[in-house]
Amino acid sequence: WLEIKREFMRLLEWFEDERRIAYHIVGFLVTQSVGLARIRELSKECTKSQFDRRLRDCAYQSVVGAPTVPHEADLRATLTAHLESLEYGRDSKKIRSILLLFNIATLLEHERSNMRFQFDEFKDDKLGWDLEHIRSVASDKITDHSAWLTDCLRFLETQTDDRKLVPAINAYLAPRNTMATDREFEELHLEILEYFGESDEQEVRNDIANLTLLDRRTNRGYKNAPFAVKRQKVLSLDKSGIFIPLCTRNVFLKCYSAQSGNTIFWTDEDGDAYQHAIIETLVGFFLGKEAT
């Protein structure tokens with residue numbers, strides 16, 4: 001019984017860790033199917049700082065596949081190459097893990113912060129956290145025309161520079177308009193995408209620079225919507241107290257972009273800045289370089 005109490009106190013110590021390091025890294029490893037027995041072995045016969053180092057090495061092995069964290073220059077190059085090799089669909093599980101760790105590393109960047117990642121919300125099967133394209137993939141067919149247009153309408157009604165699209169959408173959605181055709185929708189759809197700067201033929205990125213974490217319920221609610229519409233919905237949920245991962249919120253606030261003034265578009269430059277932030281945050285995390 002004494003041994004059981006000791007193990008309970010060990011788990012409690014990790015959970016209540018004032019530095020939040022054990023809480024977050026152990027929590028992350030558990031989501032990656034690393035068993036508590038394995039984590040317990042890492043904690044044996046070592047100081048707290050040594051346990052910290054072992055946890056970070058274990059997290060590195062989980063997302064990169066190498067056993068130990070290399071020196072800073074090699075680490076940055078390895079992470080850059082690894083992230084650039086990943087693609088949505090083929091590597092979705094790996095990208096999801098990296099983005100989860102990015103959220104955790106961001107919360108640990110400042111020791112003075114007391115924020116804790118809500119693992120209970122993240123592990124809620126009803127929500128089903130997954131990857132979402134920041135800028136929608138044009139090849140994804142829109143099946144519910146009315147819902148898509150209604151989402152766009154809510155955003156456009158808040159804008160002062162539009163004089164054409166709101167009446168056109170209202171006319172399409174009018175109850176008396178029972179004969180709306182697919183061709184009419186496609187024409188209106190194209191006009192809306194042109195307004196949002198998403199109608200060009202440039203291939204939408206399918207890598208981590210255009211992906212973030214979001215629960216499936218919210219994802220389904222705005223699937224294929226332009227970036228500005230997604231942004232409005234995510235920030236509305238966050239304002240209402242609905243759990244949104246910190247880095248997902250930061251993406252739609254464009255916190256990682258050099259110039260965040262334009263909130264309608266998500267550009268390649270925004271994506272590059274976002275990917276750079278992921279790499280630099282993870283480099284600091286794996287090296288244990290939290291700021292004070």
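This is a walk through the predicted model of one protein chain, from its overall make-up to a few helices and loops.

Start with the whole chain. Its secondary structure comes to 14 helices and two strands. Of its 292 residues, 46% count as buried. Consider next the contacts between residues with a separation of 6 or more. Residues 24 or more positions apart account for 72% of these.

Now take a single helix. Helix α6 covers residues 92–108 and has 17 residues. At 1.5 Å a residue it should span 24 Å, and its end C-alpha atoms are 24 Å apart, which agrees. Is α6 enclosed or open? Of its 17 residues, 14 are buried, so the rest of the structure largely encloses α6.

Two helix pairs show how helices pack here. The first pair is α5 (residues 72–85) and α14, with axes 10 Å apart and a packing angle of about 135 degrees. That angle makes α5 oblique to α14, because it falls short of the cut-off of over 145 for roughly antiparallel. The crossing of α5 and α14 is right-handed. From α5, the contact takes in Glu72, Leu75, Arg76, Leu79, Thr80, Leu83 and Glu84. From α14, it takes in Gln275, Ile278, Ile279, Glu280, Leu282, Val283, Phe286 and Leu287. By type, the residues of this contact are nine nonpolar, two polar and four charged.

Look closer at one residue of that contact. Ile279 sits in helix α14, which runs over residues 268–287. Ile279 has a relative accessible area of 7% and is therefore buried, as the cut-off is under 20%. Which residues does Ile279 touch, leaving aside those up to four places away in sequence? They are Arg76, Leu79, Thr80 and Leu83. These four also belong to the α5 side of the contact with α14. Ile279 and Phe102 are 177 residues apart along the chain, yet their C-alpha atoms are separated by 8.7 Å.

The second pair is α8 (residues 145–156) and α10 (residues 182–195). Their axes are 12 Å apart, and the helices pack at an angle of about 30 degrees. α8 and α10 are therefore roughly parallel to each other, since the cut-off is under 35 degrees. Their crossing is left-handed. On the α8 side, the contact involves His145, Trp148, Leu149, Cys152, Phe155 and Leu156. These meet Asp182, Phe185, Leu188, His189, Ile192, Leu193 and Tyr195 in α10. The contact of α8 with α10 divides into ten nonpolar, two polar and one charged residue.

Finish with the loops. The loop between α2 (21–31) and α3 (36–42) holds Ser33, and Gln32 lies in this loop too. Is Gln32 buried or exposed? With a relative accessibility of 18%, Gln32 counts as buried. Beyond residues up to four places away in sequence, Gln32 touches Ser62, Ser97 and Leu100. Ser33, by contrast, counts as exposed at 70% relative accessibility.

The backbone of Ser33 also deserves a look. Most residues other than glycine have a negative phi. Ser33 is not a glycine, but its phi is positive, about 65 degrees. Glu45 also has a positive phi, near 50 degrees, and is likewise a residue other than glycine. Where is Glu45? It is found in the loop between α3 and α4 (48–64). At 79% relative accessibility, Glu45 counts as exposed.

Technical notes: Residues are numbered from 1 along each chain as its sequence is written. This is a predicted model: local features need pLDDT of at least 70, side-chain atom pairs count only at pLDDT 80 or more; totals for chains, interfaces and linings use all residues. Side-chain values use heavy atoms; hydrogens and water are left out. Buried means under 20% relative accessible area, exposed over 50%, partly exposed in between (1.4 Å probe, protein chains only). The expected span of a helix is 1.5 Å times one less than its number of residues. Axes are lines fitted to C-alpha atoms, for helices over the stretch in contact, and angles run from 0 to 180 degrees between N-to-C directions. Angles under 35 degrees count as roughly parallel, over 145 as roughly antiparallel, 65 to 115 as roughly perpendicular and the rest as oblique. A crossing is left-handed if the near helix is turned anticlockwise from the far one by less than a right angle, and right-handed if clockwise. Contact means heavy atoms within 4.5 Å. Ala, Val, Leu, Ile, Met, Phe, Trp, Tyr, Cys and Pro count as nonpolar, Asp, Glu, Lys and Arg as charged, and the others, Gly among them, as polar.
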